[in-house]
Every structure is written in C-alpha cells, then in structure tokens.
Amino acid sequence: MTLKDILEKRNMTPYHLSKISNVPYSTVNDLYKGISTLEKCSAGTIYKIMHALGLSTDMVLVSIMEKRPGLENYKREVRQGINER
C-alpha cells in the first residue's frame, strides 16, 4: 500500500499530513506522487509520518529491509552458519 492509498482512504491531503507530522510538504508530496520512496527517507521522517498516521514504523522498516538485495544474502549466510553447527 502506498502513501497515496493511505491518504486517500483517510480523506487526507499531503498538506494535512505535512502539518500534523512536521515533515516538509515537499517531502510528503514527493512521497504521495511517487517521486520519492520511503527507502530514501531518514528513519526520523518515516517515524514522523507513521506516527501522525497512527501506523507502526516496524511494518514500514521491515518492508524496506526486505527490498534490499543484501538482506537476502545475509539471511542465507546466517541460515548456512546455523546449519553448519
């Protein structure tokens, strides 16, 4: 689900989210329009947006981490290390 989907479901504008989250309007609007992604945001920005929306930052951070290609390699290496014991 995108930020646009969430805001539209709540009848909220990017401007309103910007005001209640204290995140610059340009940042929120870029996320809303898909110009930028949460992966490019700082943890602080993600926290402010998710907190303003009443959502868990854990869900967002896990989805970001799962998209990183290095994570799969790391998980595979950990599993191999456990299996070798």
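Helices and strands are taken as DSSP runs, of at least four residues for a helix and at least two for a strand, numbered from the N terminus. On that basis the protein chain reads α-α-α-α-α-α along its sequence, with six helices and zero strands in total. The model is a predicted one. Its mean pLDDT is 82, and 68% of the residues of the protein chain reach 70 or more. Confidence is highest in helix H2, residues 14-21, at a mean of 97, and lowest in helix H6, residues 69-84, at 62. Where pLDDT is low, predicted coordinates should not be read in detail.

The protein chain has 85 residues, of which 27% count as buried. Its exposed surface comes to about 6,200 Å², and carbon and sulfur atoms supply 53% of that area. Of the contacts between residues at least 6 apart in sequence, 45% join residues at least 24 apart.

The packing of helices was examined around H2. Two packed helices are described by the angle between their axes and the distance between the axes. For H2 and helix H3, residues 25-33, the angle is about 135° and the axes are 9 Å apart. Angles of 65 to 115 degrees count as roughly perpendicular and those over 145 as roughly antiparallel, so the pair H2 and H3 falls outside both ranges and is classed as oblique. The crossing of H2 past H3 is right-handed. On the H2 side the contact is made by Pro-14, Tyr-15, Leu-17 and Ser-18, and on the H3 side by Tyr-25, Val-28, Asn-29 and Tyr-32.

Tyr-32, which is placed in helix H3, also has contacts beyond H2. With residues up to four places away in sequence left out, Tyr-32 touches Leu-3, Lys-4, Leu-7, Glu-8 and Pro-14. Helix H1 spans 3-9, and Pro-14 is one of the H2 residues in the contact with H3. Tyr-32 and Glu-8 are 24 residues apart along the chain, and their C-alpha atoms are separated by 10.0 Å.

H2 also packs against helix H4, residues 43-53, at an angle of about 105° and with the axes 9 Å apart. Because angles from 65 to 115 degrees are counted as roughly perpendicular, H2 is roughly perpendicular to H4. The contact involves Leu-17, Ile-20 and Ser-21 of H2, together with Lys-48, Ile-49, Ala-52 and Leu-53 of H4. Leu-17 is also listed among the H2 residues that make the contact with H3.

Two residues of H4 were considered individually. Lys-48 lies in helix H4 and touches Ser-21, Asn-22 and Val-23, not counting residues up to four places away in sequence. From C-alpha to C-alpha, Lys-48 and Ser-21 are 5.3 Å apart, with their positions 27 residues apart in sequence. The relative accessible area of Lys-48 is 39%, and this residue is therefore partly exposed. Tyr-47 also lies in helix H4. Its relative accessible area is 47%, which places Tyr-47 in the partly exposed class as well. The C-alpha atoms of Tyr-47 and Ser-21 are separated by 9.1 Å, and the two residues are 26 apart along the chain.

Backbone torsions were of interest in two loops. Most residues other than glycine have a negative phi. Asn-11 is not a glycine, yet its phi is positive, at about 55°. Asn-11 is placed in the loop between helix H1 and H2. With a relative accessibility of 75%, Asn-11 is over the 50% limit and so counts as exposed. Asn-22, likewise a residue other than glycine, has a positive phi near 60°. Asn-22 is found in the loop between H2 and H3. The relative accessible area of Asn-22 is 61%, and Asn-22 is therefore exposed. Asn-22 is also one of the residues touched by Lys-48 of H4.

Notes:
Residues are numbered from 1 along each chain as its sequence is written. This is a predicted model: local features need pLDDT of at least 70, side-chain atom pairs count only at pLDDT 80 or more; totals for chains, interfaces and linings use all residues. Side-chain values use heavy atoms; hydrogens and water are left out. Buried means under 20% relative accessible area, exposed over 50%, partly exposed in between (1.4 Å probe, protein chains only). Contact means heavy atoms within 4.5 Å. Accessible areas come from the Shrake-Rupley method with a 1.4 Å probe; for residues, only the protein chains shown count as cover. pLDDT is the predictor's confidence in each residue, from 0 to 100. Axes are lines fitted to C-alpha atoms, for helices over the stretch in contact, and angles run from 0 to 180 degrees between N-to-C directions. Angles under 35 degrees count as roughly parallel, over 145 as roughly antiparallel, 65 to 115 as roughly perpendicular and the rest as oblique. A crossing is left-handed if the near helix is turned anticlockwise from the far one by less than a right angle, and right-handed if clockwise.
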